[in-house]
Amino acid sequence: MVIEKLSLTCDRLLSHRQLACCRSYCGIPLDGMKMLIYTNMDIDHKPLLLTGHHGEISAMTFGKGSRPVLLCSASADYIIVWDIELCQRRTKEGKVAAGTVIGSLLGEVVYLSFCFSDERVAACSGATVYILSSKRQEVISTLTSHLRPITSAEFCPWNKDILVTTSEDRTFKVWDLKTEAVSYQSFVLSASPLLSVFFLEENRHIITGSTDGQLWCFSLTDDHKCHLVTKMDLQNMEKRHQMRLGTVSNQAGLAEKSAVDEVEISKPVLGLCNSSVDTSIEHKKDNSWLFIGSSDCLYVVDLATSELLKALYFKDYPNLSITMAGSWSIAPGWDNSMVFLVSSLFTPGVVLLDLHLCDLERTWARGEGFSVFPSSPLLLESPLNAELKKKMPEHPKKKGGIKERPLVFHSKVKSSGYTSAPRSIMFSPKTNIQKNPSSKTANKNTGLLLRDYPADSAAPTIPHMHLSIVNKPVHCLQYSGDGKQVLCGLGDSSVFLYKSSLAGNPTVYTGHDKPVSSVSWSLNRQWWLSASEDQSLRIWTHGSPEPAIIMGDSLFSKPIRSAQFYYLDKFLLLASGPSLYLYLYNVDITHDDIKRYQQRSLIKLARCITTTSATDITALSSINDFFSYIVLVCGSDRSIQVFDMNRGTVASALPDAHSRAVHCITQNKGSMFSTQAPDSYNLFLTSAVTDGVKIWDLRTLRCVRRYENHLNRCHPCSSAISPCGRFIASGSEDNCAYVYDIRSSRYLHRLKKHSDTVLSVTFNPATPELLTGTLDGKLRLFQSSSGALLSQDTSAAVHRISNTTA
């Protein structure tokens, strides 16, 4: 996988020198004051020798452009820019290759960097950065603000007047080169110095790393302010990666490890680079792979998920001439590869390594995953084939052969008219009738019109309604399928039913003895259920304060963590302890006047499935809007398990999905008012305390992005996906709700002014609205700037249900 293309023994140690490497060339100091320039594609070709420095070369870097290829080298006496192709031509002509001196006597330069137009060079010397012209000897500006020596500096690729520097004072600074002032200064990030910085142009992010293996990813906004997106620790990521691979065990037999393996090696971030990699199912380019060079290993990290994909240790490649690295220079190579110029930490040597990304892609790829859409018919023995036999009412038979029958066929008989007064006016036609535009047909069709959910609306961020319910937590919220009503499960064991506008008094349903853990609407919106920590489940109907079905009486040994309708309302799906229950049911709201309290509704257990390792279920999710065999279950052992209800078994399990047990799982279900790409329905969210929100792809059973700007340390804050599939909302403990763009790990909006921790969030399926519930029993309704206008526009685009179902 890793190929050593060049190994060179030097006359002195180069462990902490900045070496130069680009797509086509690599540069290595020789004898202190000379340089050898190798062609990466033809290492055996005689290298180009460059001379001109009178002091020892301390830093080298290549320009960002491909024509011409520029090289900048620095020593205590000069800073010189070389045109590589021009120098090659002069050498072939027998002339001396010469460069352009752009700086002199600037001290010991430890880091050099070109801007993206190759017109300027940043030179770091001590606590000062010199901005130099690459064409002539001119100091454009001198930047001094750090308290300790500067370790790296890079120009912003999308704004030529922005420079970012890192320092041993453990901070980084964003400079405005026009004003030569600091636009942003970070807080002290670590106890160790910062070593490197790198820009991600696609996401407009800054990544910086320290000597103790910590990495921070910040977003850089147009006002030059930075916001933390994610933080990573190489050692922690390495341990999680090894646990997933099954290489870490707690057995006592592993005590025979060698002393070398037991030594904990520091993980300094010596080099950073990213590359476009073909990782998705649709073979699209993914720029989220970050290559991190450290002392003993090359790490490949997925920035979208903050997960370690691959760790390439030097010790696993005995043919390499290097065991510990002192410095890295990383660049994208030709033919979907990466090139690395690495200096040895303890020996005077340099190696050029080549890594083909196609080899990484094969190790990264997994087997075929799953889909929420059925790919095969139901099996004969499938639990989903179960049916509930309804008892027909038995009426006593009447004795006698002839039954009484009515003499006429109508319930009413028209009078003969003998008792009415005789008519004095005969028939006269009405000639002045005005036609009513709203006929019965029009009224009938009006009910069959639905307004489409706006696919391009802004996120709902405008406060519209604030309501105080009770001084108890709002544990769960769910809108009805038509978006006209919303259920609120509360900590005082009651359920409130509101109109979606939150106007008017709610309908209150009581009967549970402990807090309500989940609520769920049926697809036909005729009834809904509530589950509680009192180990009971109740199904309610419109217009009745009493539940139609009560499931309790020691049916379940542990509290019901989650419950919902399933398979187009055919089943009840609920989780209690380590078991997933599938119930058939029939709701009958009629009552016998004599046996009024006798329940006529029926329930029947169709299947009970136990999780692997018998771990307690903490959350579950499945789709009820269409036929789907997949049920997703989260366990207290931090796993996610995929149940195939067609077979009634656990089809797959993802161990250690989060660092804590998942308390919320939400699938991308869309709504009856919106249409998404079919593959989008295979996405689902999971939330865990202290571990943020992750979005997963069911097709690959992998995490594809992570969202952790919100604060979640102890309370089970929920998350939700908008009906259009473009936004993610999450509760937070800093009295805010966060709205993310599903394509970016940084939040779009921070909805403030909540009175307490935001526990519950849910999107309205019919209109761009977001409803939040807090720990102290408050509801807040947010609308979209475009959605508020669109909800009042009766002339919006509509479609007929009859046309779509025909």
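## Surface patch, cores and salt bridges

Leu 523, Leu 568 and Phe 627 together make a nonpolar surface patch of about 230 Å². The model is a predicted one. Leu 523 sits in the loop between β35 and β36. Its relative accessible area is 33%, so Leu 523 counts as partly exposed.

**The β35–β36 loop.** Arg 525 is found in the loop between β35 (516–521) and β36 (527–532). Arg 525 is partly exposed, at a relative accessible area of 27%. Beyond its neighbours within four places in sequence, Arg 525 contacts Ser 480, Gly 481, Asp 482, His 542 and Met 672. With Asp 482 there is a polar contact, side chain to side chain, at 3.2 Å. Gly 481 is 44 residues away from Arg 525 in sequence, yet the two C-alpha atoms are 7.0 Å apart.

**The whole chain.** The protein has 806 residues, and 51% of them count as buried. Seven helices and 58 strands are present. Among contacts with a separation of 6 or more, 52% join residues 24 or more positions apart. The exposed area is about 39600 Å², with 51% of it supplied by carbon and sulfur atoms.

**Nonpolar cores.** In soluble globular proteins, nonpolar side chains tend to be buried together. The largest nonpolar core here holds 22 residues. Phe 291, Phe 314, Trp 328, Phe 340, Val 342, Leu 353 and Leu 355 touch the most other members. Each of these elements supplies at least two residues of this core: β23 (285–293), β24 (297–302), β25 (307–313), β26 (325–332), β27 (337–344), β28 (349–356) and α4 (357–364). Another core, of 20 residues, lies apart from it; Met 232, Leu 234, Val 269 and Tyr 299 are among its members.

What does Val 342 touch, not counting residues up to four places away in sequence? Its contacts are Phe 314, Ile 322, Ala 325, Ser 327, Trp 328, Gly 349, Val 350, Val 351 and Leu 353.

**Helix α2.** His 241 has its place in helix α2 (residues 234–245). Its relative accessibility is 10%; buried means under 20%, so His 241 counts as buried. Leaving out residues up to four places away in sequence, His 241 touches Leu 308, Leu 309, Lys 310 and Ala 311.

**Salt bridges.** Side chains of opposite charge can pair when their charged atoms come close. The structure holds 26 salt bridges. Three of them are listed here.

| Acidic residue | Basic residue | N to O distance |
|---|---|---|
| Asp 11 | Arg 12 | 3.1 Å |
| Glu 85 | Arg 67 | 3.1 Å |
| Glu 307 | Lys 694 | 3.3 Å |

Asp 11 is partly exposed, at 45% relative accessibility. Arg 12 is also partly exposed, at 30%.

The pair of Glu 85 and Arg 67 links distant parts of the chain, 18 residues apart. Glu 85 is in helix α1 (residues 84–92), while Arg 67 is in the loop between β6 (59–62) and β7 (70–74). Arg 67 counts as exposed because its relative accessibility is 70%.

Are Glu 307 and Lys 694 buried or exposed? Both are buried. Glu 307 lies in strand β25 and Lys 694 in strand β49 (residues 692–697), so their salt bridge ties together parts 387 residues apart in sequence. These two residues also belong to a network of salt bridges that links Arg 240, Glu 307, Asp 691, Lys 694, Arg 706 and Glu 708.

Key
Residues numbered from 1 in each chain as written. Predicted model: local features only at pLDDT ≥ 70, side-chain atom pairs only at ≥ 80, totals over all residues. Heavy atoms only, no water. Helix = DSSP H or I, 4+ residues; strand = E, 2+ residues; numbered from the N terminus. Buried < 20%, exposed > 50% of the residue type's maximum accessible area, 1.4 Å probe, protein only. Contact = heavy atoms within 4.5 Å. Polar contact = N/O pair within 3.5 Å; in protein donor to acceptor, adjacent residues only side chain to side chain. Areas by Shrake-Rupley, 256 points an atom, 1.4 Å probe, with all protein chains shown as cover. Patch = residues over 30% accessible without salt bridge, like charges linked within 9 Å, V, L, I, M, F, W, Y side chains within 5 Å. Salt bridge = Lys/Arg side-chain N within 4 Å of Asp/Glu carboxyl O. Core = buried A, V, L, I, M, F, W, Y, C linked by side-chain atoms within 4.5 Å.
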